[in-house]
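Q: I should like to learn how to read the surroundings of bound ligands and an annotated site. Where should we begin?

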Amino acid sequence: MSVPIVRTVAALHETVKEWRRAGARLAVVPTMGALHEGHLSLVRAALDQADRVIVTLFVNPKQFNSPADLAAYPRTEDADAEKLAPLGAHLLYVPDGAEMYPDGFSTTVSVAGVSEGLCGAFRPGHFDGVATVVAKLFLQTGADLAFFGEKDFQQLHVVRRMARDLDIPIAVVGRPTVRETDGLALSSRNVRLSPAERQAAPGLAAALFGAAGRLAAGEPAEPTLAGTRETILGAGFREVEYLELRSAEDLKPLQAADRPARLLVAAWLGQTRLIDNVEVLPK
Ligand SMILES: Nc1ncnc2c1ncn2[C@@H]1O[C@H](COP(=O)(O)OP(=O)(O)OP(=O)(O)O)[C@@H](O)[C@H]1O
Ligand SMILES: CC(C)(CO)[C@@H](O)C(=O)[O-]
Ligand code: BAL
């Protein structure tokens, strides 16, 4: 069994119309391809909760603030389709740039507040690109449910806020980060790590989990985060872009984990930028 592929909005609408006529509940799983177990966990969760699941594959140029990062992004459509077929995903939607952004395209969706700080501070324009393309994917598919990974925790909040603000009738479901057995969060960009970097990479998650335990036990944020930065650098990372404790509910900064919180990090290992985050639950 293979997964049917559509490449145009018109063809997508035709299939969706048929499914709607049959009363199906639809889910969408937006991706940029190079699928791994993290993506597949979203597809499985979507299949559990919906009758029809659309996976989208679009490497969205508007969210890349570095041309080199866009050029290096892995593109593996055939292998992606092969991974989806045995799961039973119902449709793979693969628009090209001209389909998504035809000549004259002029609209940007910008979500204030939650897009600012963290990755938003270091990737200018990134979340405008994400919010714009995800709004289009929500409207193009007309799905009832959408599945996103908590690995991109700020993105999950941006997308939720955008759907709420624009009255798009879709439930945004966040799913836990899938990790390698050594703790490294699965990411399409992990393939860029050299063997030595791959060995050092789990140091990021280890430092986060250690800090989360201390913060949950009541340690104040500032000294704990300063020590954790040193631990990450000591593990071989060359730069910590940010390491911040934020409210899990609205992503506002916190001085201590006195309510459900999230510890979020972005750090460079050689030429690769890794992000991760963990839950901090006060005891
Ligand atoms: N390890 C993971 N666990 C759960 N969900 C994940 C994981 N990695 C990515 N996702 C989710 O998959 C969806 C598509 O993400 P994307 O295609 O950008 O993959 P990615 O691995 O995050 O790529 P990159 O790390 O290069 O940005 C997003 O909702 C993202 O949060
Ligand atoms: C949500 C998304 C598919 C939008 O391009 C992308 O940001 C991603 O893969 O996380
Ligand atoms: N996983 C979020 C997509 C990006 O890094 O551009």
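A: Let us begin with ligand 1, bearing in mind that this is a predicted model. Helix α2 provides the largest share of the shell around ligand 1, namely 4 residues. Both α2 and β5 (145-149) contribute at least two residues each to that shell.

Q: Which residues come nearest to ligand 1?

A: The shell holds 18 residues, and those that come nearest are G38, G149, L186, S187 and S188. By class, the residues around ligand 1 comprise 6 nonpolar, 8 polar and 4 charged.

Q: Where does UniProt place the feature "active site"?

A: The unreviewed UniProt entry assigns that feature to H39. An annotation of this kind may be inferred rather than shown by experiment. H39 lies in helix α2, which spans residues 37-49.

Q: Is H39 buried or exposed, and how is that judged?

A: The general idea is to count neighbours: a residue is buried if 20 or more other C-beta atoms lie within 10 Å of its own. H39 has 25 C-beta neighbours inside 10 Å and therefore counts as buried.

Q: Which elements supply at least two residues each to the shell around ligand 2?

A: They are strand β2 (26-31) and helix α7 (126-141). The largest share, 3 residues, comes from α7.

Q: Which residues form this shell, and how do they divide by class?

A: Ligand 2 is surrounded by P30, T31, M32, N60, Q63, V130, V133, V134, D152 and Q155. Of these, 5 are nonpolar, 4 polar and 1 charged.

Notes:
Residues numbered from 1 in each chain as written. Chains lettered and ligands numbered in written order. Predicted model: local features only at pLDDT ≥ 70, side-chain atom pairs only at ≥ 80, totals over all residues. Near = placed C-beta within 6 Å. Nonpolar A, V, L, I, M, F, W, Y, C, P; charged D, E, K, R; others polar. Buried ≥ 20, exposed ≤ 12 C-beta atoms within 10 Å, placed from the backbone.
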